[in-house]
Amino acid sequence: MEDKVKIRWVDETDSTQDELRRRFPEHDNLSVTAAVFQTAGRGQRGNRWTSGRGLNLTFSMLLKFGEGGFPALEVSRQFEITKAATLGVVSYLEGKGVEPTIKWPNDIYVRDKKICGMLVENVLDGDKLSHSFVGIGLNMNQREFDPSLTNPVSLSKLTGEEYDLKPELETLASLLAESFRRFIGEGGTALTGDREYENRLYRKGRFHDYVSREDGKVFQGKIIGVSPEGKLLVVNRKGELNEFAFKEINFII
Ligand code: BTN
């Protein structure tokens, strides 16, 4: 079942994350702010997120916790937001006939190419979340990409189709809302989310090359899963298990 979500489109803004943050008290839980164009789109690790005007989906969804929103969520469980968000996008892309995987922690890949990036920004109230801004950039119709990007792809490049962004966002936002309700809503089943997320992990179960940020060395590792706090679990050739936090490991693709 799909949930209808309130979507506010703006023609141009700096970043939908900041647009939503400036006006979040007036928005309901699960509402979306989308932009035709962002002048200062933000990515992970302080990078910029660039997207051609009107070509792709760039939007942020508001999650509220407590009154009028989801049940209180401890900071220690914040990775569940990432899981629910990635699985919502995966479900949307599967509906379009492609086979997405989740490159830990929250990129969506099709084979070795990135189709979607996410920026989850949480606002805390003590040891609980007060609200979250889930920013999603999904490449839809863009055919040419900035050469500085290593491995981008769009849905259109994969399927040969052209997409009408507004109805596509309605479908995607409904799937995201459904996923959030399922995993972090009343009686949500984080355990199911764990399995579904892990089953979709990019490069799970096979040895590949990675770089450890600690010593800058390349090593061969096999992803076996993710810890409850969201650390990546990787076994090396000696059979030793290591846990990596975000920024502690780089994939070699
Ligand atoms: C990444 O892969 O680095 C994360 C990219 C997140 C981009 C989206 S686009 C909508 C929202 N607004 C932003 O400024 N960033 C996110």
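Me: Where is Pro105 found in this model?

Reply: The model is a predicted one. In it, Pro105 is found in the loop between strand 4 (100-103) and strand 5.

Me: What makes the bond that joins Trp104 and Pro105 a cis peptide bond?

Reply: Its omega is about 0 degrees, and the bond between Trp104 and Pro105 is cis.

Me: What is noted about phi of Arg111, and where is Arg111 found?

Reply: Phi of Arg111 is near 50 degrees, a positive value in a residue other than glycine. Arg111 is found in the loop between strand 5 and strand 6.

Me: How do you know that Lys114 has a polar contact with the ligand?

Reply: A polar contact is a pair of N or O atoms within 3.5 Å. An N or O atom in the side chain of Lys114 is 2.6 Å from an oxygen atom of the ligand, so the pair counts as a polar contact.

Me: Why is the pair formed by Arg42 and the ligand called a polar contact?

Reply: Here a backbone N or O atom of Arg42 lies 2.6 Å from an oxygen atom of the ligand. The limit is 3.5 Å, so this pair is a polar contact.

Me: What makes Thr16 a partner of the ligand in a polar contact?

Reply: An N or O atom in the side chain of Thr16 is 3.1 Å from a nitrogen atom of the ligand. That is within 3.5 Å, so the pair counts.

Me: How much of the ligand does the protein bury?

Reply: Taken alone, the ligand exposes 410 Å², and the protein buries 97% of that.

Me: Which residues and elements surround the ligand?

Reply: There are 20 residues around the ligand, and the closest are Ser15, Gln38, Arg42, Gln44 and Lys114. Helix 1 (16-23), strand 3 (57-64), strand 6 (113-125) and strand 7 (128-138) each give two or more residues to this shell. Strand 6 supplies the largest share, four residues.

Me: What classes of residue make up the shell around the ligand?

Reply: The shell has twelve polar, five nonpolar and three charged residues.

Me: What does it take to say that the ligand sits in the largest pocket?

Reply: More than half of the atoms of a molecule must lie within 2 Å of the grid points of the pocket. The ligand sits in the largest pocket, so it meets that condition.

Me: What is the volume of the largest pocket, and which residues line it?

Reply: The volume is about 880 Å³. The lining has 40 residues, with Gln44, Asn47, Trp49, Asp107 and Lys114 nearest the centre. By class, the lining divides into 18 polar, 15 nonpolar and seven charged residues.

Definitions and conventions:
Residues are numbered from 1 along each chain as its sequence is written. This is a predicted model: local features need pLDDT of at least 70, side-chain atom pairs count only at pLDDT 80 or more; totals for chains, interfaces and linings use all residues. Side-chain values use heavy atoms; hydrogens and water are left out. A residue is near a molecule or strand if one of its heavy atoms lies within 4 Å of it. A polar contact is a pair of N or O atoms within 3.5 Å; within protein, one must be able to donate a hydrogen and the other to accept it, and residues adjacent in sequence count only if both atoms are side-chain atoms. Accessible areas come from the Shrake-Rupley method with a 1.4 Å probe; for residues, only the protein chains shown count as cover. On a 1 Å grid over the protein atoms alone, a cavity is a set of points where a 1.4 Å probe fits but cannot get out, and a pocket is an open set with protein on both sides within 12 Å along at least five of seven lines; lining residues have an atom within 4 Å of a point. Ala, Val, Leu, Ile, Met, Phe, Trp, Tyr, Cys and Pro count as nonpolar, Asp, Glu, Lys and Arg as charged, and the others, Gly among them, as polar. Grid points are joined across faces, edges and corners, and a volume is the space filled by probe spheres set on the points.
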